[in-house]
Amino acid sequence: MSTVVNPNAPGTEPGSLAPAPVKGRRSARTGLSDRAKSERKLGWMLAGPAFILMLLVTMYPILQALWDSLFSFRLTDPGNKEFVFLGNYATVLSDALFWKDLGVTVLITVVTVVVELVLGFALALVMNNAIRNTRGLLRTAILVPYGIITVVSAFAWFYAFDITTGYINNWFSWLPGIGPDFNWFASQWPALFVIMASEIWKTTPFISLLLLSGLAQVPSEFTEAAKVDGATWWQRMSRVVIPNMKAAIMVAVVFRALDAFRIFDNIFIMTQGQYGTETLSLLAYRTSIGRLEIGLGSAISVILFICVLLIAFVAIRVFKVDLAGSGKGR
Amino acid sequence: MSLGAVGALILTGCGDADAGDTPTLTWYINPDAGGQAEIAQQCSEASDSRYNIETALLPLDAAGQREQLARRLAAGDRSMDIMSLDPPFIPELAEPGFLADVPDEVEESTTQDVLAGPLEGAKWNGELVTVPFWANTQLLWYRESVAEAAGLDMDQPVTWDQIMDAAREQDKYLGVQGTQAESMTVWVNGLIESGGGSIVENPEAPADEVSIGMDSEAARKAAEIVGTIGRDGLGGPGLPTSTENTTMIEFQSDNGSFMVNWPFIYAATAAAVEDGTVDQSVYEDIGWALWPRVDEDEPSAPPLGGINIGVGATSENQDLAWEAVECIVSPENQANYFVTNGNPAASEAAYEDPAVREAFPMYETIRESLDQAAPRPQTPYYNEVSSAIQQEWTPPASVTEDTPRNTAEFIEAVLKGDQLL
Amino acid sequence: MSTKQKVGWAVVSVLVLVYALFPVLSILMTSFKTPSDLTSGKFLPKEWVGENYSSIFVGTARDLFVPSLINSIGICLISTAIAVVLATFCAYAIARLDFPGKRVILTTALAVSMFPVISLVTPLFNLWRQIGLYDTWPGLIIPYLSLTLPISIWTLTAFFQQIPWDLERAAQVDGATTWQAFRKVIVPLAAPGVFTTAIIAFFIAWNDFVYGIGLTSTEAARPVPAALAFFTGASQFEDPAGAISAAAIIVTIPVVLLVLLFQRQIVSGLTQGAVKG
């Protein structure tokens, strides 16, 4: 899946996503000078192409999906295209499979984000405190999972755990329930475990780098002062460091959650969604591309999109995460 | 490519086209060991520069192949000249008119000595819509040592109950494909057909009238076999994810006993022996017979597979494409492909070829199996039917006597558009 | 630092290294195994063979792998280049110029990066087949922009705000136009940021799988991640774990190289200079 935008812009509060608004260059209210006018024009000339392209490659498809979702339309049966209005949505929302897949998607999202947060924080602490000559090495190492192709990661984990090609069963046969005969991909929980492990391995570095930058913005005087006051390490973390980087944490959580919610590659490679590992992205793929049911598939796509919007909305409103960057300075 | 097409238009009626103006035909092939690419080259050379065949590779699994072809055909892609098609998906492509009609003279020249099973799979609504290229069928493979120890006379037809008992007694694993994939439908369809039933009773009906014949004795017997193998661990721990390949690997191991699988395993095992990865003694221990019976008095209906060749209705070079198809499916090519790629011929004549007989000592069994074989349901909604079976019948241990009825209800609801798949 | 601390750090560092590199090592080992060795249940190959690599470069999988590698490299480089060029203009305008709608642009970029790719594939497929972009390079380059443009705009905007803009003003005072000031003064200063952004954008394009399987169907445009799902053994039923692993390692090499060479830049690109050193 695609990785999201970098949430920590310079010159802003940690956790504010927007690059800081440019200050002190506002034209006088009364009438724009020629210079201001030409600046406006130049601004749009420079920013316009990127803006329009972004709109074209996303707005057009989502509007098209919205339109398609109102029809009963099977690609290999073009003669029977029929307007059904919200019929496809009714079918999807009344189907137990949809809710089951939604449940799996939410579960994967919650578990991976929580684990990544803890693991990522630990990694960030290690990198933050590491002595100079290991710091570069550690960072280089954790950038490997960040840069690796998700599909490659999926194959690596799959081949390690698979009952025919794997060695994990041999290594961990001392654990109860695990032995040469344990088939990880034959039932829901073990399969989800491996899928989530691959997802966590691949994306924790991103979170940990965000947290690292959050850590660096906690004023060192605060921690020093707490130390002088005799606070334990744990107290310093929970009372000083974490509260001070709360915004950075929330931003990392929201971005990872939105990304995890769209999980596809790992599951597609490892189980194709069999045995209770299907998520909404897979359901959408299987319906619109596998079954060629364009109408039904588009409805699922639109629902998936709405879910993502909802997560973003809740994050902004309820948790007050500053996603759109109405920077505190304004 | 468009340049080639333009060239063809200009040079219509002109005999000695030079190489640069030879029309290019695209042949969408399923992955194989290179045999189709070789045939493409030979036929291009033999055509005297009338056409040049280029191959384009389709995905590995049958459903993926159908997906790519259907999307291209629905898009009216003009490059869809020649296609290697998995028979169960032919009705879906034929029904909306995506496939070009087979010209009479081509039908005559290519189907004369085709075996009955494959020929049936090439038709839709009683019309020939594709030409059989090769035909696959599953055999019952067994380790002679295990069969002997179990006291089974393999010269006589055996039943599923017998091989299940033998595997249980000998503490070995049965080789069956239990993963959630097309191979599951192959297995279930073979069991139901062997028991005298049919998955779809009226395959040519429109979506909302399709009737699923799963509430039958044959289907319940099939469920009993699949469920017992799953619950009793007869297929080994890998069963819920086992594919044709993993069952073969298990069969080659010390746990191997009986296995239903396609003939590719024989060539693959021979290759593994050559690589030194499988013991020669294992290879020599392999025996074969017709697919197991469900009912001891009724011949089995082994699974039928293979590849047919079709021409796209939007192809710009249909006449040349059919000419190329005639070359591709020639009995000599089929025999050669059989020997080099291990895929059995659809043409009866190929089985007379000495090279075939030498490379595949079980050629007689294969031909017999092809005569008895039953195709999977030939309906335009095959994908839905097959996906539903795959979901309901896996993992095998979860299959009970209620599974067939649930599957029937599920498929009917999906086809009516009331339920997701 | 005490010996105890040193040992502690060594242990922690080794743990992090194992965490980061083990899965890569695992698939590397798989790529050197013979077909029978694949099922050995061991981590290390019994004997080290290069046949999986020769099969993808000169052997049976060549026609599948080599074109897809060329596709991946070409498509990713082009879409990265387009994204970075457009984003550079866009980010410069946002960082430096006063014009209405900046916030709209940034919010749009954010929204675009949240789009579920799967929702875009089917409509794009339908449009592409109508206008003939299905299974072509531009047919992938354009959707890749939806992945690479937003992050490029954000990263570059952030970078550009760190540039000492007084230099630009000085140039303008000296009589240069806004455009000249941009070209002569800012471009050299901005180059490192642009370069870093390009690496990050390239990683993201390189990682794509959904567009790759949804919008291509032949070796004309199929990228490597999609091609990995197409590998086959000697027959259609055999699973070529060895060849897939070898191909996976090959496409991981550029990632490792970029990371080794530009670790510092990538980290600063991702965290925006918040971390010093």
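These are my notebook entries on what I looked up in a predicted model with chains A, B and C.

**Entry 1. Chain A as a whole**

I began with chain A and listed its secondary structure, which comes to 13 helices and 2 strands. I then looked up burial: of its 330 residues, 52% count as buried. I also checked how far apart in sequence the contacting residues of chain A lie. Among contacts between residues at least 6 apart in sequence, 68% join residues at least 24 apart.

**Entry 2. Where chain A meets chain C**

I asked how many residues of chain A are in contact with chain C. I found 98 residues of chain A in contact with 92 residues of chain C. Several helices of chain A each supply at least two residues to this side, including H1 (34–68), H3 (96–129), H7 (188–216) and H13 (294–317). H1(A) gives the most, with 21 residues. I sorted the chain A side by class and noted 63 nonpolar, 27 polar and 8 charged residues.

**Entry 3. Where chain C meets chain B**

I next turned to the contact between chain C and chain B, which takes 20 residues from chain C and 25 residues from chain B. On the chain C side I recorded 7 nonpolar, 9 polar and 4 charged residues.

**Entry 4. The domains of chain C**

Chain C is divided into domain 1 (14–49) and domain 2 (61–271). I noted that their C-alpha centres lie 31 Å apart. In the contact between them, 8 residues of domain 1 meet 7 residues of domain 2. The domain 1 side of this contact holds 5 nonpolar residues, 2 polar residues and 1 charged residue.

**Entry 5. Helix H4 of chain C**

I checked the length of helix H4 (residues 102–114) of chain C. At 1.5 Å a residue its 13 residues should span 18 Å, and its end C-alpha atoms are 19 Å apart, so the two values agree. I then listed its buried residues, among them C:Ile105, C:Leu106, C:Leu110, C:Val112 and C:Met114. C:Lys102, at the start of the range, is also buried. What do the buried residues of H4(C) pack against? I found H1, helix H10 (246–261) and H13 of chain A, together with H3 and helix H6 (137–160) of chain C.

**Entry 6. The domains of chain B**

I moved to chain B, which is divided into domain 1 (2–129 + 305–366) and domain 2 (137–302 + 376–415). The centres of these domains, taken over C-alpha atoms, are separated by 29 Å. I counted 18 residues of domain 1 in contact with 19 residues of domain 2. On the domain 1 side, helix H3 (62–74), helix H4 (90–94) and helix H17 (363–372) are the elements that give two or more residues. H3(B) gives the most, with 3 residues. By class I recorded 10 nonpolar, 4 polar and 4 charged residues on the domain 1 side.

**Entry 7. B:Thr365**

I selected B:Thr365, which is found in helix H17 of chain B. Is B:Thr365 buried or partly exposed? I found 19 other C-beta atoms within 10 Å, and a residue needs 20 or more to count as buried. B:Thr365 is therefore partly exposed. Leaving aside neighbours within four places in sequence, B:Thr365 is in contact with B:Leu139, B:Trp288, B:Ala289 and B:Leu290. I also noted B:Trp291, which is 74 residues from B:Thr365 along the chain, while their C-alpha atoms are separated by 9.8 Å.

**Entry 8. Strand E11 of chain B**

I looked up why strand E11 (residues 304–311) of chain B is largely enclosed by the rest of the structure. The reason I wrote down is that 8 of its 8 residues are buried. In a regular strand the side chains alternate between the two faces of the sheet. I therefore checked each side of E11(B) and found both covered: B:Leu304, B:Gly306, B:Asn308 and B:Gly310 are buried on one side, and B:Gly305, B:Ile307, B:Ile309 and B:Val311 on the other.

I then traced the partners of E11(B). Strand E3 (residues 82–85) of chain B pairs with E11(B) in the antiparallel sense over 4 bridges, and B:Leu85 has B:Asn308 as bridge partner. Strand E6 (residues 131–137) of chain B is joined to E11(B) by 6 bridges and also runs antiparallel. There, the bridge partner of B:Val131 is B:Ile309.

**Entry 9. The largest nonpolar core**

I ended with the largest nonpolar core, which has 311 residues. A:Phe155, B:Val325 and C:Cys90 touch the most other members. Helix H3 (residues 62–96) of chain C supplies the largest share of this core, 16 residues. Not counting residues up to four places away in sequence, B:Val325 touches B:Ile82, B:Val106, B:Val131, B:Ile309 and B:Val311.

Notes
Residues numbered from 1 in each chain as written. Chains lettered and ligands numbered in written order. Predicted model: local features only at pLDDT ≥ 70, side-chain atom pairs only at ≥ 80, totals over all residues. Buried ≥ 20, exposed ≤ 12 C-beta atoms within 10 Å, placed from the backbone. Pairing = 2+ DSSP bridges. Domains from an automatic or database assignment. Contact = placed C-beta atoms within 7 Å. Nonpolar A, V, L, I, M, F, W, Y, C, P; charged D, E, K, R; others polar. Core = buried A, V, L, I, M, F, W, Y, C linked by C-beta atoms within 7 Å. Expected span 1.5 Å × (residues − 1).
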